[in-house]
Amino acid sequence: MTPIEFLQGLSEMEIIGGLTVLSLLIGGIIMAAGIISAKIAKLIFFKYYAPTLPQDTAKNFGKIIYFGIIVIAFLVFTSSQGIDFSGLLVAGGIFAVVIGFATQSVVSNLISGVFLMIEKPAKHGDTIQIPDMSISGTLLDIGTFSSRVRKFDGTVIRIPNEKFFTSNIRSFTASTVRRAEAMVGIAYKDDIETAIDAIRNEIRLTMPFVLRNPEPEFRVEELGDSSVNIQVLVWHPRDDWSQAQPILLTVIKRALDKSGIEIPFPQRVIWDAKD
Amino acid sequence: MNEYTVDSSYSKYGQYNVDDHLELILPETIVKIERIGEHAFSYFRKDSEGKVIEKMIPTKSNELKIELAPIRPLNHPARRTGYVFLKFDKEIYLSQNSAASIYVHCPIEIGIFLISESHRESLDWITCDPLNSRFGLYGSPDTGTLCKYSEVTLANDYSDSTPYLDGVMKIIVENNLDSGKTVSKVVFSITDNSLYYENSKCILDGIKVTLKKRAVVNIADVQTDPIQTDWKQSPTWETSTSKTTMEMGLE
């Protein structure tokens, strides 16, 4: 049997409604070529063009290119074989309603994902907090249906895009600098200016990531029951939180200890009525 | 900084060959390079903050060539920006359509480079003035520019640099506004400014600051003004950037 005879044989083997084994084979070849082309196009895109784009945008463009080529290949296959989908339209309409109800949340997540990509409240690598869900961490990606955040404990949490889109999002990386704050109480007998000078000097000497401009700020926040409470506010580069906030109180305590300034315990003065 | 005195025993900038052992002494900093075997050297550095760095350097030959040179002040305490914020100790007043030329002490760091056949590789960097190596913000927290911040004094001329701590930079300020203006700071990307050294002195490419009006806002364009000198140019590894525009105030 020659190859031509073999192909003729296949063209005569009808499966259903005029669809022959040969047309199915041709369709398979077209689809395979489409998938290979899609993979190559995606590869070229990621190698040459994606590095210049934000990571989320690049990922989504990659998906559009990949699935776009596959859909085109499928359309080429159906049109080349003269497959008519008009019969499916009525059934498809009913089916679409059913599917629509069943996949409401899926579609909602998809649409939210699109809006997240347009609005860009945060981008890949940003440190964010979602107060409504008590989630803090690094945004790994905004996908088609969900977004992923790596929490500070190393675990990764997946958030459906709908919830992510409708939540308050606090970005820790949107600004160039951040502010660290601490409150300390000094005894009433100690001089406030001396205490502030001591703290300012210790910060200057031992906290290299604290900005000189704007300078550290000191506010006498409260004349408390047991102490004069001073709030200390320092600015630092946004990525160096760990070099400021966690050590600020240590530095303040050391400064006050060096200057002999007392941090008082809670105390109460009791007057005897007879006196 | 002005009370700083230079010990003549400090190592000068320049190239050094290491056959067996080399000790570089800088203010409160010591660097030791020793041959520890065939084609291998050890590197030890202790700085003014007591921080110790130790490295091993495999080499192709039994000789090592290094260069000690001033570099841009961008690495301590960490590399975060390419911008420098110089706050003048005295304000400069410029009347309308006038220009002035000043010299300032610009902070520097010191780089140690490995010299191979055609290029230099950064091995380490040091600051001899860590307490004045700090950050500052130009502008507001959300849109401002993070800079290395330094309060600088005026210098007399190019020979006035403080060894190992600063280099002298010329700043030309030109006021094209229709009113007098006080300038107390300048912010610019220093990655385009080369450094040059001779013995233990350093100078930098200058900058030209042009005060002008854009729409209703007074701004300052800052551009590099290269100098012609026969001093040796320091190696560099940073990429250059274009001009800086100061849009968030000059005072």
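The exercises below, each with a worked solution, concern a predicted model.

Residues are numbered from 1 along each chain as its sequence is written, and chains are lettered from A and ligands numbered from 1 in the order in which they are written. Local features need pLDDT of at least 70 and side-chain atom pairs count only at pLDDT 80 or more, whereas totals for chains, interfaces and linings use all residues.

**Exercise 1. The sheet of chain A**

Determine the strand order of the five-stranded open sheet in chain A, and identify its edge strands.

Solution. Step 1: fix the terms. Strands are DSSP runs of E with at least two residues, helices are runs of H or I with at least four residues, and both are numbered from the N terminus. Two strands pair if DSSP finds at least two bridges between them.

Step 2: establish the pairs. β3 (residues 127–130) and β4 (residues 135–142) of chain A are antiparallel and share four bridges; here T127(A) faces T138(A) of β4(A). Five bridges link β4(A) to β5 (residues 146–151) of chain A, again in the antiparallel sense, with I142(A) opposite S147(A) of β5(A). β3(A) is also joined to β7(A), antiparallel, by two bridges, and I128(A) has S171(A) of β7(A) as its bridge partner.

Step 3: assemble the order. The sheet of chain A reads β6-β5-β4-β3-β7, is open and has antiparallel pairing. Its edges are β6 (156–160) and β7 (170–171) of chain A, each of which pairs on one side only.

**Exercise 2. The two hairpins**

State how many residues lie between the strands in the hairpin of β3(A) and β4(A), and in that of β4(A) and β5(A).

Solution. Step 1: between β3(A) and β4(A) there are four residues, and S134(A) in this hairpin adopts a positive phi near 55 degrees. Step 2: the hairpin of β4(A) and β5(A) has three residues between its strands.

**Exercise 3. Backbone exceptions**

Locate K120(A) and N97(B), both with positive phi, and classify each as buried or exposed, or as partly exposed.

Solution. Step 1: K120(A) has phi near 50 degrees, although K120(A) is not a glycine. K120(A) belongs to the loop between α5 (104–119) and β3 of chain A. Step 2: N97(B), also a residue other than glycine, has a positive phi of about 50 degrees and sits in the loop between β7 and β8 (98–107) of chain B.

Step 3: apply the cut-offs. A residue is buried if 20 or more other C-beta atoms, placed from the backbone, lie within 10 Å of its own, exposed if 12 or fewer, and partly exposed in between. K120(A) has 13 such atoms within 10 Å and is therefore partly exposed; N97(B) has 12 and is therefore exposed.

**Exercise 4. Cis peptide bonds**

Find the loops that hold P214(A) and P77(B).

Solution. Step 1: the bond from N213(A) to P214(A) is cis, with omega near 0 degrees, and P214(A) lies between α7 (192–206) and β9 (217–223) of chain A. Step 2: H76(B) and P77(B) are joined by a cis bond with omega about 0 degrees; P77(B) is in the loop between β6 (64–71) and β7 (83–94) of chain B.

**Exercise 5. Domains**

Give the domain bounds of chain A and the separation of domains 2 and 3.

Solution. Step 1: an automatic or database domain assignment supplies the bounds, namely domain 1 (3–84), domain 2 (121–171) and domain 3 (177–258). Step 2: taken over C-alpha atoms, the centres of domain 2 and domain 3 of chain A are 32 Å apart.
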